[in-house]
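Colleague: Could you take me through one part of this predicted model in close detail? I would like the helix that comes second from the N terminus, and then whatever you can say about the surroundings of the ligand and a few single residues.

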Amino acid sequence: MDAVVLVGGFGTRLRPLTLTHPKQMLPVVDRPMIEHVVGRLEQQGITRAVLSLGYRPDAFEAAYPEGRCVGVELFYAVEPEPLDTAGAIAFAARKAGVQDTFIAVNGDVISDFPLVELIDAHRGNPGAATIALTPVEDPSRYGVVVCGADGRVEAYVEKPPAHEAPSRWINAGMYVLDPAVLPLIPGDRPASIERETFPALVQKGLLYAVAHDGFWIDAGTPAAYLEAQIALAGGTHIHPTAEVAPSARIANSVVMDHVAVGAGAQVEDSVLLPHSTVQANAEIKRAIVSPDHRINV
Ligand code: GDD
Ligand code: MG
C-alpha cells in the first residue's frame with residue numbers, strides 16, 4: 001500500500017530550528033524525524049512513501065538522492081504553493097498516480113499505532129475514510145473526535161477551546177482513505193482535511209475511526225520535540241563523536257554529534273543538537289540547544 005506523508009508545512013512552532021531545516025529533517029536522537037516516521041511505516045508493510053513537499057523540498061531530495069529512505073521507495077510530490085492538508089494529500093496522490101485505497105500520515109507523528117488494524121477496520125466498515133485516534137490530556141491543540149460503538153464518527157472538531165472539547169480522543173494524524181475522497185477536495189485552492197473534508201464526511205456518515213492507546217507523539221512543538229527524543233532514547237544517548245568531560249553530569253538527555261560538554265557541567269532532560277557546546281560548570285534543564293550554539297555559565 002502507498003502512504004502519502006505530509007512533510008510540507010513551515011514548522012513555525014519549531015522556529016528558529018525550522019528556519020534552516022524543514023521540521024521532518026530535524027534530528028530525533030540519531031536520525032532525521034522522517035526516518036522514524038517512514039521506518040515505522042515500513043515495519044507495517046508500506047512499500048512506497050509519497051512525500052508531500054512544500055517548504056524546502058530540496059532538503060529531502062539532497063538527503064535521499066536515490067529516492068529511498070529506510071528501505072522504502074520515495075516519490076517526491078512538490079506543491080507549487082502551500083495547499084494545506086487536504087489539498088496536499090490530493091495533489092500528491094494525483095501526482096503519484098495513486099489509484100487504490102491508501103494511507104495518509106502527518107509527517108511529524110511518531111507512534112506505534114497498528115496500521116494493520118486501521119486498514120482492517122476500513123475494509124470492514126462502509127466509510128470512505130477511517131482515522132486513527134489516540135487519547136491525550138489536553139485535546140485543544142488537536143482534532144477532537146466523538147464516535148459511536150460501531151466506530152462511526154459522530155463529531156469532529158478541530159482545535160476546540162479546552163473546555164469545549166467533546167472528548168479526549170484525538171485525531172492521531174493517520175488515515176486510510178478511499179480514492180473516492182479525492183474528488184471531494186477542491187483542486188483550485190488550499191483546503192484542510194481537518195476543517196473541511198472530515199466534517200463533510202461526518203455529515204454523510206462516511207467517516208470512521210479506530211482508537212488505540214499506545215506510544216504516540218506529534219513532535220511539532222518544542223516541548224513535544226524534546227519529549228519525543230527523551231522517550232525514544234529511553235534514557236541518555238550520547239553520540240560517539242561528542243566530547244563529554246568525565247566530570248560532567250548528563251541525565252536523561254540526548255547529546256548529538258560533535259557536541260562538547262565541559263567539566264562540571266550539568267545537563268538534565270535536555271537535547272544538545274549537533275555541534276553545540278555546554279561550557280564547563282554550566283547547568284541546563286529541559287532545554288533544546290540549537291546547532292552551533294554555546295551555553296555559558
Ligand atoms: N505538503 C504540505 N502542504 N504539508 C503540510 C501543509 C501544506 O500546506 N500544511 C501542513 N503540512 C504538514 C506538516 O508538515 C505536518 O507534517 C502535517 O501536515 C500536519 O500539520 P501540523 O501543522 O503539524 O498540524 P497540527 O500538529 O497542528 O495538527 C494536525 O496533527 C494533529 C495530530 O498530530 C491535525 O491533523 C490535527 O487534527 C491532529 O490532531
Ligand atoms: Mg503536528
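Modeller: In helix 2, the buried residues are Met33, Ile34, Glu35, His36, Val37, Val38, Gly39 and Leu41. That makes 8 of the 11 residues in the run 33–43, so helix 2 is largely enclosed by the rest of the structure. Keep in mind that this is a predicted model. An α-helix has 3.6 residues a turn, so residues three or four places apart point the same way. Just after helix 2 comes Gly45, with a positive phi of about 95 degrees.

Arg40 also belongs to the stretch 33–43 of helix 2, and Arg40 is touched by Ser111. Ser111 lies in strand 8, residues 109–111. Its relative accessible area is 4%, so Ser111 counts as buried. Beyond four places in sequence, Ser111 also touches Met174, Phe215 and Trp216. The side chain of Ser111 reaches the backbone nitrogen of Phe113 at 3.0 Å.

Now the ligand. Ligand 1 sits in the largest pocket. Around ligand 1 there are 28 residues, and the closest are Leu6, Glu79, Asn171, Glu194 and Asp218. Helix 4 (84–95), strand 11, strand 12 (169–177) and strand 14 (216–218) each supply at least two residues of this shell. Helix 4 gives the most, with 3 residues.

Three polar approaches are worth viewing one by one. A polar side-chain atom of Ser52 lies 2.8 Å from a nitrogen atom of ligand 1. A polar backbone atom of Asp84 is 2.8 Å from an oxygen atom of ligand 1. A polar side-chain atom of Glu158 is likewise 2.8 Å from an oxygen atom of ligand 1. The protein covers 91% of the 750 Å² of accessible area that ligand 1 has on its own.

Strand 11 deserves a second look. This strand spans residues 153–158 and holds Ala155. Ala155 has 25% relative accessibility, so it counts as partly exposed. Outside its sequence neighbours up to four places away, Ala155 touches Val144, Val145, Val146 and Val202. Leu6, one of the closest residues to ligand 1, is 149 residues from Ala155 in sequence and 24 Å away in space, C-alpha to C-alpha.

Two further residues make a pair. Val267 is in strand 20, residues 266–268. Its relative accessible area is 0%, so Val267 is buried. Leaving aside neighbours within four places, Val267 is in contact with Arg249, Ile250, Ala251, Ser253, Val261, Leu272, Val278 and Ile284. The C-alpha atoms of Val267 and Thr277 are 11 Å apart, with their positions 10 residues apart along the chain.

Ser253 is the partner to follow. Ser253 is found in the loop between strand 17 (249–251) and strand 18 (254–255). At 0% relative accessibility, Ser253 is buried. Ser253 touches Val267, and also Gly235, Thr236, His237, Glu268, Asp269 and Ser270, not counting residues up to four places away in sequence. With Ser270 there is a polar link: the side chain of Ser253 reaches the backbone nitrogen of Ser270 at 3.0 Å.

Terms used: Residues numbered from 1 in each chain as written. Chains lettered and ligands numbered in written order. Predicted model: local features only at pLDDT ≥ 70, side-chain atom pairs only at ≥ 80, totals over all residues. Heavy atoms only, no water. Buried < 20%, exposed > 50% of the residue type's maximum accessible area, 1.4 Å probe, protein only. Helix = DSSP H or I, 4+ residues; strand = E, 2+ residues; numbered from the N terminus. Contact = heavy atoms within 4.5 Å. Near = heavy atom within 4 Å. Polar contact = N/O pair within 3.5 Å; in protein donor to acceptor, adjacent residues only side chain to side chain. Areas by Shrake-Rupley, 256 points an atom, 1.4 Å probe, with all protein chains shown as cover. 1 Å grid on protein atoms, 1.4 Å probe; cavity = no way out; pocket = protein on both sides within 12 Å on 5 of 7 lines; lining within 4 Å. Sits in = over half its atoms within 2 Å of the grid points.
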